[in-house]
Amino acid sequence: MTLDAQVQVDLDGFALDVALTAERGRVLAVIGPNGAGKTTTLRCLQGIRPLDGGRIVLDDDVLDHPAAGTFVVPERRRIAMVHQDLLLFPHLTARDNVAFGLRARGRSRRDARQQADDLLARRGLAAQAGARATTLSGGQAQRVALLRALVTEPRLLLLDEPLAALDPSVRGETRRELRRTLDEFTGSAVVVTHDPIDALTLADDVVVIEHGTVAQAGSLGEVTSRPRSRHVADLLGTNLVRGTARGTELRSGPAVLHLAEPLEGEVFATIAPSAITVHVSEPEGSARNRWPMTVTDIEPAGERVRLRLDGDLPLVAEITAPSLAALGLQVGSPAWASVKATEINGYSR
Amino acid sequence: MSVRRRRPPALVLVAATAALLLFALPLIGLVQRADWAHLLDDLRTPGATEAMRLSLTTSLAATALAVVLGLPLAWVLARTDIPGRAALRALVLLPMVLPPVVGGVALLSAFSRRSPIGSWLFDTFGIQLTFSPAGVVLAEAFVAMPFFVITVEAALRSLDPRYEQVAAGLGATPPQVFRRVTLPLIAPAVVAGAILSWARALGEFGATITFAGNIAGRTRTLPLSIYLQLESDPSGAIALSLVLLLVSFAVLIGLRDRWLGGGRP
């Protein structure tokens, strides 16, 4: 366990009490609505806001433990932060932004700049090395901000809404790049976001925060397939399919999914439970995405019912109570599931 | 889309014109009374060159003092939670509203050779502040430093603290953060504050004459020299006044982005 934190802070109006764990090499998404305490949590990890209770332990080093009187100042924590608005130092070039942390750790200017140039070149930013940070495009600035953080080899990388400020046209590409960067990163990472897609694409584990407390925590697969509250279900309750795409065909284990838009390589796709149609017998018509299933669980969710379906492609479907009655399905019943290609949202990994 | 501007009412227009004339007429009078043919000769007299040289060196020294001492003070006022900070800020701003002659009397009470500090300085180091160029620097710094401190403090307050937090996350110690992030980001305010306090120091009269006296070549700065010459040599006084007017214009132009740029619709 690399990061093991119990963040307790008294805020105006409510108490924040959140447990976070992130193993080395894994990415933890902290997701929740605005004002839930996500930003305060990050400030505590950075050491800007001391804890009122609980403790923060990183790699067996106690960073903040008010009960024991322990507090490590931010510059000794080796926790780097990338803000939504990136905050590249506006008076420095891209090169000197990346070199900043190396210089702070005592490397010579020449050495630090050399390494910064190498890193920038590897990210296709050789031409921008000498450019003022303020002149970079959104995507370039994002890459520079990440390099600036990663070059110091932080033990923990914090990302606050890393994609929210980006133009939608570059968000997809930047997300994939961020995913690759995080895959290579050997420390732990915590991504704070209010966007479920960010969590689904970037994270291995997820913590859902609501009003200062943890609504649910677990691996991404667990939380998406078994949301424990309506709130979590609305936010993250979806079918997550990982697989390999070739054109409009996505293979996931024995199942083949047909996509509306072509994709290549390692991908994952989300299918909303409400987008799945359940039939008692093989459906006729043009839907090519149809699979024979067995109903393994039926759980009410308000006006609706969630069906857990097992087969080549395990799925969760959400249907109304009257249609469940009309279909006459019970646990153990055979059934067919179908979904339109346009309801499958694919993302490159 | 441009909105048609409202015509100002006549009474407002008259009052505004009167106000403008109040500023403009004295300046026009000064320029019009100048003896342009002999201007350079007037500035080349030993008394004039001496006063200009003394003013330049003392005002620059006072500015240096204001920067070296004012920067830490501005930082303390902007960034720390020391008790009584409001009272401290009021104390720092006091010289801006205090009549300079009162400032001079106050400096005299604190640093004259008969005061505890003044006698200690003289007995221990042989330093006498009153009636010396060092006293001029002290008097100028006393009235000028507040301009530097409030300018820099405001810049520190408006600086996004997250820049400094990011730098700390990258391993920079507080001194490194200040030198490599904070200072470069507030550099425009530091320069503006220094220019402002230099202009104020250059024009200092009341505190200087009260505390440092009026000794030719030692404490007789430009403003003192102008005041003295007005009786004996009016054209020389006007020539020196024009020099200070020119400097004031240069300062305004230097700070135009900061002061004159903000009012555009």
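## Where chain A meets chain B

Let's start at the place where the two chains touch: 21 residues of chain A are in contact with 18 residues of chain B. Please keep in mind as you look around that this is a predicted model. Putting the two chains together buries an area of about 1900 Å² between them, and carbon and sulfur atoms give 63% of it.

What about the polar side of this interface? The rule finds four residue pairs in polar contact across the interface of chain A and chain B, counting pairs with both residues at pLDDT 80 or more. On the chain A side, the elements that give two or more residues to the surface touching chain B are strand S7 (79-82), helix H2 (94-104) and helix H4 (138-150). H2(A) gives the most, with four residues. Sorted by class, this side of chain A has eleven nonpolar, four polar and six charged residues.

Charged groups also pair up directly here. How many salt bridges does the rule find across the interface of chain A and chain B? There is one. To find it on your screen, look for the side chains of Arg162(B) and Asp85(A), which meet with an N to O distance of 2.6 Å. For the wider setting, the structure holds 24 salt bridges over all chains. The pair that crosses between chains runs from Arg162(B), in helix H8 of chain B, to Asp85(A), in the loop between S7 and H2 of chain A.

Now turn to the largest pocket, which has a volume of about 580 Å³. Its lining is made of 23 residues, and those nearest the pocket centre are Pro74(A), Glu164(B), Gln165(B), Ala168(B) and Pro174(B). Which elements supply at least two residues each of this lining? They are S7 of chain A, together with helix H3 (46-79), helix H8 (161-169) and helix H9 (174-202) of chain B. You have met two of these elements already: S7 of chain A is among those that give residues to the side touching chain B, and H8 of chain B carries Arg162(B) of the salt bridge. By class, the pocket lining has 14 nonpolar, six polar and three charged residues.

Finally, step back and take in chain B as a whole. It has 13 helices and zero strands, so to speak a run of α elements from the N terminus on. Along its principal axes, the C-alpha trace of chain B spans about 70 × 65 × 30 Å.

Definitions and conventions. Residues numbered from 1 in each chain as written. Chains lettered and ligands numbered in written order. Heavy atoms only, no water. Contact = heavy atoms within 4.5 Å. Buried area = accessible area lost by both parts, 1.4 Å probe. Salt bridge = Lys/Arg side-chain N within 4 Å of Asp/Glu carboxyl O. Polar contact = N/O pair within 3.5 Å; in protein donor to acceptor, adjacent residues only side chain to side chain. Nonpolar A, V, L, I, M, F, W, Y, C, P; charged D, E, K, R; others polar. 1 Å grid on protein atoms, 1.4 Å probe; cavity = no way out; pocket = protein on both sides within 12 Å on 5 of 7 lines; lining within 4 Å. Points joined across faces, edges and corners; volume = space filled by probe spheres on them.
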